[in-house]
Every structure is written in structure tokens, then in C-alpha cells.
Amino acid sequence: MDVAETILFFILVVIPLYATLIWTYFYPEESMLWGKRWLYKEEPEISEDAIRYTKTASLVSLVVLTILLFFIVL
């Protein structure tokens, strides 16, 4: 890949993916209900286990994505 393709890849794919994963880590309830809030009359109660799973999954995804990008760029 040349430099222009790498920069375009980072702008179009990596930065939005990182932003989504960081948002999911800090606001797990909002991210779980994103696009599904219209299904409920009242605000649903999300279990602590589901919140912990969502935060863990986003953190692991951030670490794996960082390692993969490190090896791809080098």
C-alpha cells in the first residue's frame, strides 16, 4: 500500500471504528440500545453482566485492532 491508500484507510475505516469502540466502552447502555430504542415503551433495564460483557468486548476489540494495525502498517 502506498501512503495515500494508508491515509485514506485510516480516515475512512480505522478512526470511525476506534471512535465507536471507545463510545461503546464509556456508554455501554446507550450503545446496546442504539437503533433499538423504538422497540420499547419504557426504558429497558440492562443487567450488570451485559454491561460488563459489552465493556470487555469493546476493550478487547480495541487491543486486538491496535495489534493488527501495528503489524499491517509495519
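In what follows, a residue counts as buried under 20% relative accessible area, exposed over 50%, and partly exposed in between, with a 1.4 Å probe and protein chains only. The areas themselves come from the Shrake-Rupley method with a 1.4 Å probe, and for residues only the protein chains shown count as cover. This is a predicted model, where local features need pLDDT of at least 70 and side-chain atom pairs count only at pLDDT 80 or more, while totals for chains, interfaces and linings use all residues. Residues are numbered from 1 along each chain as its sequence is written, and side-chain values use heavy atoms, with hydrogens and water left out.

Start with the charged side chains. A salt bridge here is a side-chain nitrogen of Lys or Arg within 4 Å of a carboxyl oxygen of Asp or Glu, and searching the whole structure turns up three of them. One links Asp-49 with Arg-52, at 2.4 Å from N to O. These two sit three residues apart in helix H3, so about one helical turn lies between Asp-49 and Arg-52. Asp-49 has a relative accessibility of 52%, which means it counts as exposed. Elsewhere, salt bridges with shared partners tie Glu-30, Arg-37 and Glu-43 into one network.

In that network, Arg-37 pairs with Glu-30 at 2.9 Å, N to O, and with Glu-43 at 2.8 Å, again N to O. How accessible are the members? Arg-37 is partly exposed, at 33% relative accessibility, and Glu-30 is partly exposed too, at 40%. Glu-43, with a relative accessible area of 53%, is exposed.

Now for the helices. Helices (H or I, at least four residues) and strands (E, at least two) are DSSP runs, numbered from the N terminus. Two packed helices are described by the angle between their axes and the distance between the axes. The axes are lines fitted to C-alpha atoms, for helices over the stretch in contact, with angles running from 0 to 180 degrees between N-to-C directions. For H1 and helix H3 (residues 48–73), the axes come within 8 Å and cross at roughly 155°. Angles under 35 degrees count as roughly parallel, over 145 as roughly antiparallel, 65 to 115 as roughly perpendicular and the rest as oblique. H1 and H3 are therefore roughly antiparallel to each other. Their crossing is left-handed, a label used if the near helix is turned anticlockwise from the far one by less than a right angle, with right-handed used if clockwise.

Two residues of H3 give a feel for its surroundings. Leu-62 belongs to helix H3 and is buried, with a relative accessible area of 14%. Between Leu-62 and Pro-28 there are 15 Å in space, C-alpha to C-alpha, and the pair is 34 residues apart in sequence. Ile-67 also has its place in helix H3, but Ile-67 is partly exposed, at 45% relative accessibility. The C-alpha atoms of Ile-67 and Arg-37 are separated by 34 Å, with their positions 30 residues apart along the chain.

Helix H1 (residues 3–26) holds Val-13, which is partly exposed at a relative accessible area of 40%. Val-13 joins Val-3, Ile-7, Leu-8, Phe-9, Ile-11, Leu-12 and Ile-15 in a nonpolar surface patch of about 760 Å². Patches are made of residues with over 30% relative accessible area and no salt bridge: like charges are joined within 9 Å, and nonpolar side chains (Val, Leu, Ile, Met, Phe, Trp, Tyr) within 5 Å.

Finally, there is the stretch around H2. Glu-29 is in helix H2 and is partly exposed, at 41% relative accessibility. Glu-29 and Leu-12 lie 26 Å apart in space, C-alpha to C-alpha, and 17 residues apart in sequence. Pro-44 is in the loop between helix H2 (28–33) and H3, where Pro-44 is partly exposed at 24% relative accessibility. From Pro-44 to Glu-29 the C-alpha distance is 9.7 Å, with the two 15 residues apart in sequence.
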